[in-house]
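Visitor: I'm new to reading protein models. Could you walk me through one, feature by feature?

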Amino acid sequence: MLKSLNILRGTAAALVLAFPAFADDSPNADTVVATVNGTEITVGQMIAVRGTLNPQYQSLPDDVLFNGILDQLVQQTLLSQSFGGEAPKRIELELANQRLALMAAVVLQEIVETKITDEAVQTAYDARFENFEGGREFNASHILVATEEEAKNITQDIRGGADFAETAREKSTGPSGPGGGELGWFGPGQMVPAFEEAVIALKKGEVSDPVKTQFGWHVITLNDSRLTEAPALEDVRQEIESELQREIIDAEIARLTDKGDVDRSGAEGLDPAVLKDSTILEQ
């Protein structure tokens with residue numbers, strides 16, 4: 001098999017070299033790269049195959065991808081030529097469906113590319129986040145100890161002027177202790193309920209009474225709070241473009257449906273289970 005494929009590759013190269021030196025050597029869709037028992041394989045066919053490949057294959061080196069696609073088309077041509085008799089009804093129907101799908105996809109792609117502009121995306125972004133109200137986030141620090149008595153003593157010391165961060169480094173048993181008890185920014189639902197409720201009740205700079213959770217006893221201080229801002233356009237661009245695409249496609253299909261003459265009467269009375277009967281394709 002490898003020997004025959006190498007011969008086919010050599011044949012393709014020979015075809016290229018056979019063109020006169022004065023000819024325009026710029027390939028086009030009809031440029032023949034190989035002939036299999038009289039059936040031509042063109043650059044256009046190869047480009048069409050490449051367009052259907054997964055991105056991981058499209059990123060292969062050009063020469064590897066070229067030879068791989070050519071091998072595939074040569075093999076498919078040989079196999080199809082070995083088929084005896086007329087093409088089954090199933091193949092005719094599948095080809096018809098593929099043609100419909102491809103033509104519809106081309107129409108929709110042209111419409112989408114025309115209408116999804118930077119201006120359209122910006123307008124959709126502005127409309128979505130015009131009245132954006134972000135949730136509140138909190139920045140807090142805490143000191144975790146084993147007993148309520150310890151927590152009460154620490155609360156009294158800090159309210160009396162002791163430095164919160166230094167006290168956390170000295171006495172907190174939690175993983176945030178070495179960092180002065182800082183927890184960073186967090187939003188609703190990210191802390192256990194009792195802890196979150198205590199944080200919400202605090203004003204900036206205040207120190208809480210001891211708070212009990214399954215982890216122990218906490219002394220908490222609120223460093224700051226803020227409302228979350230609307231996401232940047234670039235962070236939601238893909239999502240907005242996808243929504244615009246769905247809206248544009250739905251609108252175009254609705255327009256064509258209203259404008260067109262669609263008669264579904266032939267489907268009335270048919271048993272939906274008819275689609276399971278593949279023997280119909282053999283009739």
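Visitor: How many salt bridges does the structure hold?

Guide: This is a predicted model, and it holds 13 salt bridges. To call one, you look for a side-chain nitrogen of Lys or Arg within 4 Å of a carboxyl oxygen of Asp or Glu. Take E239 and R128: their side chains meet in a salt bridge, at 3.1 Å from N to O.

Visitor: Which parts of the chain does the pair of E239 and R128 tie together?

Guide: Look up the element each residue sits in. E239 belongs to helix 10 (residues 233–259) and R128 to helix 6 (residues 118–129), so the pair ties together parts that are 111 residues apart in sequence.

Visitor: Are E239 and R128 buried or exposed?

Guide: Partly exposed is the label between under 20% relative accessible area (buried) and over 50% (exposed). E239 has 42%, so it is partly exposed. R128 counts as partly exposed too, because its relative accessibility is 31%.

Visitor: What about D157, which residue does it form a salt bridge with?

Guide: That would be K171, with the closest N and O atoms 4.0 Å apart. This pair also links distant parts of the chain: D157 is in helix 7 (residues 148–159) and K171 is in helix 8 (residues 164–171), 14 residues apart. D157 is partly exposed at 36% relative accessible area, and K171 is partly exposed at 37%.

Visitor: And where do E166 and R169 lie?

Guide: Both are in helix 8, three residues apart, which is about one turn of the helix. Their side chains meet in a salt bridge at 2.9 Å, N to O. For accessibility, E166 comes out partly exposed with a relative accessible area of 47%, and R169 is partly exposed with 43%.

Visitor: Which residues are linked in a network of salt bridges?

Guide: For a network, you follow the links from residue to residue. Here D118, E234, R237 and E241 are linked that way.

Visitor: Now a residue in helix 6: is V121 buried or exposed?

Guide: V121, which lies in helix 6, has a relative accessible area of 1%, so it is buried. Remember that buried means under 20%.

Visitor: Which residues does V121 touch?

Guide: Leave out anything up to four places away in sequence, and V121 touches I116, L233, R237, I240, E241 and L244. You've already met R237 and E241 in the salt-bridge network. It also helps to compare sequence with space: V121 and Q238 are 117 residues apart in sequence, yet their C-alpha atoms are 9.5 Å apart.

Visitor: Let's try the strands. In which sense do strand 3 and strand 6 pair?

Guide: To read a pairing, check the direction of the strands and then the bridges. Strand 3 (residues 136–145) and strand 6 (residues 216–227) pair in the antiparallel sense, over ten bridges. For instance, the bridge partner of L144 in strand 6 is H218.

Visitor: How many bridges join strand 5 to strand 6?

Guide: Three, and these strands run antiparallel. V211 has H218 as its bridge partner in strand 6, and H218 is also the partner of L144. Strand 5 and strand 6 form a hairpin with two residues between them.

Visitor: And what do side chains do along a strand?

Guide: In a regular strand they alternate between the two faces of the sheet.

Visitor: Which residue takes a positive phi in the hairpin of strand 1 and strand 2?

Guide: It's N37, with a phi near 50°, in a hairpin that has two residues between the strands. Strand 1 (residues 32–36) and strand 2 (residues 39–42) pair in the antiparallel sense over four bridges. Within that pairing, A34 has I41 as its bridge partner in strand 2.

Visitor: Which residues make a nonpolar surface patch?

Guide: Y57, L60 and V64 do, covering about 250 Å². L60 is in the loop between helix 3 (55–58) and helix 4 (62–81), and its 33% relative accessible area is why it counts as partly exposed.

Visitor: Last one: which element has the lowest mean pLDDT?

Guide: pLDDT tells you the predictor's confidence in each residue. Helix 1 (residues 2–17) has the lowest mean, 35, while strand 5 (residues 211–213) has the highest, 98. Over residues 1–23 the pLDDT is below 50, and this stretch has ten contacts in the model beyond near neighbours in sequence. The chain averages 89, with 91% of the residues scoring at least 70.

Key. Residues are numbered from 1 along each chain as its sequence is written. This is a predicted model: local features need pLDDT of at least 70, side-chain atom pairs count only at pLDDT 80 or more; totals for chains, interfaces and linings use all residues. Side-chain values use heavy atoms; hydrogens and water are left out. Two strands pair if DSSP finds at least two bridges between them. Patches are made of residues with over 30% relative accessible area and no salt bridge: like charges are joined within 9 Å, nonpolar side chains (Val, Leu, Ile, Met, Phe, Trp, Tyr) within 5 Å. Accessible areas come from the Shrake-Rupley method with a 1.4 Å probe; for residues, only the protein chains shown count as cover. Buried means under 20% relative accessible area, exposed over 50%, partly exposed in between (1.4 Å probe, protein chains only). pLDDT is the predictor's confidence in each residue, from 0 to 100. Contact means heavy atoms within 4.5 Å.
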